Amino acid sequence: MKTLQNQDSEIFEILKGEEDRQLKGMTLIPSENHTSKAVLEALTSVLSDKYAEGYPGRRYYAGNEYADKLETLVQERAKALFGVPYANVQPYSGSPANLVILSALLEPGESLMGLNLLDGGHLTHGWKFSMTSKFWKSVPYHMTVDGAIDMEEVRRLALEEKPKIIICGGTAIPRAIPFAEFAEIADEVGAYLLADVSHIAGLIAGGAHESPVPYVHLVMTTTHKTLRGPRGAMIMVTEKGLAKDEDLPTKIDKALIPGLQGGPHLNTIAGIGVALNEDSEPSFKEYANKVVENAKTLAEELKNKGFKLVSDGTDNHLILIDLIPTGVGRGVFFHEGLERIGIYTNKNTVPGDPSSPFYPSGLRIGTPAVTTRGMGEVEMKLIAEWIAKFAEHIKDIKLPDDKDTRKQVIKDFRASLKNDSFYDEMRAEVEEMCVKFAVPGSIPPVFG
Ligand SMILES: Cc1ncc(COP(=O)(O)O)c(C=O)c1O
């Protein structure tokens, strides 16, 4: 990175800082991961310079012989890995991919069903402030207080509303998604069924989670989470989807371009291709299973230390700690306090959360990134210990209802993060462990 260092030291220093942050801390955010060096090399290639609007063999620009080869190869890899007859690898990311699907299948005002955001859905599954609920009628379903998808409600709402599409999948679901049950309901009301497997796609590819492919018509996944690729997304149509509507691939292709996007990001598509190839290796199966094993170990350890977990555990890569028994709305203290010691998580609502989304009562953690770095049982136990030690340290800090008092309490807490030596000591302990587990893209360190 000498060229960058010499030419633009400001950007270089920022990138160096981020490399250092990733190495000395640990990412427990379940939607994040670390890509391989090969993926990063593909991402920074000259493909970034090329326009390729259109699809292989029918582009609006000249000079696309390699772009055509690349996109066709990556489509084939996606189809082979997931066992589907069609894959579009051009979506810029998961949110536009969901918009593409909805705009391909729904006329304005028609209805969609998705898991409510505050229960673990995604913004693009019809959240009230998302475009997906402005253009279409959103009919959200919910989780039960035990942290299971309320399938009785899904069935009742589907029969009442006859939605054009039902979306299953989300951002904070610690248990396996009941694809077969969803399929029964969607088939009964004649709806398209979309599995948004952004979080669990790597587990599916590695055989550590059931595949939705036999049950659903469409699958959408981001490529940067458990799949360990660059930021991007893919839309796939299944055999069942083709049987319901043989025009689905054409509808998706057209909704993407000219419907929503312009030139595909070829460098990203190359990175996705590299990742998909890695995901088909036997070692990736081991990785996917280890992600789940680590999550289960961490969940058990947290429970042993007295934490309450939504659904009492996990089937996948994700754990949702319900902090309500320690006080409502305390997610913010855990999010910021753990960040201070180099443990990156995120505050999250829990099903039936009495607090606001800005001050939610849960903490969402996951094992994809730490597993990529090679951490295992010993480290999971240590992580649970650190979280418990931190929780004990802040046990008397509660979130007041009154706005002004709340502001002061948060201000005091933030000041304590700077002044209390407890945090320096904890951070040193965390760092000592983390630096033993290299981040794959930074072996050797790129920015020194
Ligand atoms: C289930 C699900 N769908 C869609 C998205 C949107 O992806 P992106 O952030 O790439 O737009 C996410 C990202 O968090 C997600 O978890």
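Angles between helix axes count as oblique when they fall outside the roughly parallel (under 35 degrees), roughly antiparallel (over 145) and roughly perpendicular (65 to 115) ranges. Keep that in mind for what follows, and note that this is a predicted model.

Let's start with H5 and H11. Their axes come within 8 Å and cross at roughly 120 degrees, and H5 and H11 are therefore oblique to each other. The crossing of H5 past H11 is right-handed. On the H5 side, the contact uses Val100, Ile101, Ser103, Ala104 and Leu105, while H11 brings in Lys251, Ile252, Ala255 and Leu256. By class, that contact of H5 with H11 comes to seven nonpolar residues, one polar and one charged.

Next, H16 and H18. Here the axes sit 12 Å apart and the packing angle is about 175 degrees; that makes H16 roughly antiparallel to H18. H16 makes the contact through Glu379, Leu382, Trp386, Phe390 and His393, and H18 through Phe422, Met426, Val430 and Met433. Sorted by class, the contact of H16 with H18 has seven nonpolar residues, one polar and one charged.

Here are the two pairs together:

| Helix pair | Angle and axis distance |
|---|---|
| H5 (residues 94–105) and H11 (residues 248–256) | roughly 120 degrees, within 8 Å |
| H16 (residues 377–393) and H18 (residues 421–434) | about 175 degrees, 12 Å |

And what about the ligand? It is surrounded by 14 residues, with Ser93, Gly94, Ser95, His122 and Ser198 the closest. H5 turns up again here: it gives the largest share of the shell around the ligand, three residues. That shell has no nonpolar residues, 13 polar and one charged.

Methods:
Residues are numbered from 1 along each chain as its sequence is written. This is a predicted model: local features need pLDDT of at least 70, side-chain atom pairs count only at pLDDT 80 or more; totals for chains, interfaces and linings use all residues. Axes are lines fitted to C-alpha atoms, for helices over the stretch in contact, and angles run from 0 to 180 degrees between N-to-C directions. Helices (H or I, at least four residues) and strands (E, at least two) are DSSP runs, numbered from the N terminus. A crossing is left-handed if the near helix is turned anticlockwise from the far one by less than a right angle, and right-handed if clockwise. Two residues are in contact if their C-beta atoms, placed from the backbone, lie within 7 Å. Ala, Val, Leu, Ile, Met, Phe, Trp, Tyr, Cys and Pro count as nonpolar, Asp, Glu, Lys and Arg as charged, and the others, Gly among them, as polar. A residue is near a molecule or strand if its C-beta atom, placed from the backbone, lies within 6 Å of it.
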